[in-house]
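Biologist: Could you take me closely through one part of this model, the paired strands and what packs around them, and then place the pockets relative to that part? I would like one connected account rather than a list.

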Amino acid sequence: MEDDSTTRNILNFILTKGEGYQTRLAGDVKTFVAALQRPPLPSVVILDIELPGGVSGFRILQKIRAHPTIKNMPVIIFSGHAEPADLMQGLQLGADAYLSKPAKAEAIIAAIKAVLGG
């Protein structure tokens with residue numbers, strides 16, 4: 001889930017054209033929830049921290065970790081919030097990886113492969 005359409009489109013291009021992944025794009029919470037409700041479940045979530053409507057990606061991460069069906073789904077935080085406190089909070093809340101923006105395509109792909117065990 002990425003609210004910036006340019007960043008979202010770049011991520012989509014990297015993942016679909018460069019790596020052959022299938023993606024579901026979301027720029028807001030409503031679209032994100034709808035994407036999670038469509039089978040099959042995603043293999044990984046890439047989650048921004050600063051989202052529209054004052055919603056925090058940290059709060060969404062907490063909800064994912066508390067949900068019985070998706071609590072073990074790998075979550076990669078991809079955020080411009082790059083302070084050590086942000087990283088610590090993300091990891092303490094259960095993020096599987098934390099990437100700071102901007103990140104190179106190779107780093108994004110490596111993080112996805114790492115959290116998927118490959």
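Modeller: A definition comes first: two strands are said to pair if DSSP finds at least two bridges between them. The model is a predicted one, and in it strand E2, residues 75-79, pairs with strand E3, residues 97-100, in the parallel sense over four bridges. Within that pairing Ile 76 stands opposite Ala 97 of E3, and the chain passes from E2 to E3 by way of helix H4, residues 84-92, in a β-α-β crossover that is right-handed. Another pair of partners between these strands is Ser 79 and Ser 100, the latter belonging to E3.

E2 also has a partner in strand E1, to which three bridges join it, and these two strands likewise run parallel. Here Leu 47 is the residue that stands opposite Ile 77 of E2. A right-handed β-α-β unit is made by E1, H3 and E2, so that E2 takes part in this unit as well as in the crossover through H4 to E3.

With regard to its surroundings, E2 is mostly covered, five of its five residues being buried. Val 75, Ile 77 and Ser 79 point one way from the strand, while Ile 76 and Phe 78 point the other way, and all of them are buried. This arrangement can be set beside a general expectation: in a regular strand the side chains alternate between the two faces of the sheet.

One residue that touches E2 from a helix is Phe 58, which lies in helix H3 and has Ile 77 among its contacts. Phe 58 counts as buried because its relative accessibility is 7%, where the cut-off for buried is under 20%. Leaving aside neighbours within four places in sequence, the contacts of Phe 58 also include Ile 49, Asp 86, Gln 89, Gly 90, Leu 93 and Tyr 98. Of these, Gly 90 is 32 residues away from Phe 58 in sequence, yet the two lie 6.6 Å apart in space, C-alpha to C-alpha.

As for the pockets, the largest holds about 620 Å³ of space. It is lined by 24 residues, of which Gln 22, Thr 23, Arg 24, Pro 42 and Val 44 are the closest to its centre. Two or more lining residues come from each of helix H1 (5-18), helix H2 (29-37) and strand E1 (45-47), and H1 gives the most, with four residues. E1, the strand that is joined to E2 by three bridges, is thus one of the elements that line this pocket. By residue type, the lining divides into 17 nonpolar, four polar and three charged.

The second largest pocket holds about 290 Å³ of space, and among its 14 lining residues the closest to the centre are Phe 32, Val 33, Leu 36, His 67 and Ile 70. H2 and helix H3 (57-66) each supply at least two residues of this lining, with the largest share, five residues, coming from H2. The lining here divides into nine nonpolar, three polar and two charged residues. H3, the helix that holds Phe 58, therefore belongs both to the β-α-β unit with E1 and E2 and to the lining of the second largest pocket.

Terms used: Residues are numbered from 1 along each chain as its sequence is written. This is a predicted model: local features need pLDDT of at least 70, side-chain atom pairs count only at pLDDT 80 or more; totals for chains, interfaces and linings use all residues. Side-chain values use heavy atoms; hydrogens and water are left out. A crossover is right-handed if, with the strands pointing away from the viewer, the path from the first strand over the helix to the second runs clockwise. On a 1 Å grid over the protein atoms alone, a cavity is a set of points where a 1.4 Å probe fits but cannot get out, and a pocket is an open set with protein on both sides within 12 Å along at least five of seven lines; lining residues have an atom within 4 Å of a point. Grid points are joined across faces, edges and corners, and a volume is the space filled by probe spheres set on the points. Ala, Val, Leu, Ile, Met, Phe, Trp, Tyr, Cys and Pro count as nonpolar, Asp, Glu, Lys and Arg as charged, and the others, Gly among them, as polar. Buried means under 20% relative accessible area, exposed over 50%, partly exposed in between (1.4 Å probe, protein chains only). Contact means heavy atoms within 4.5 Å.
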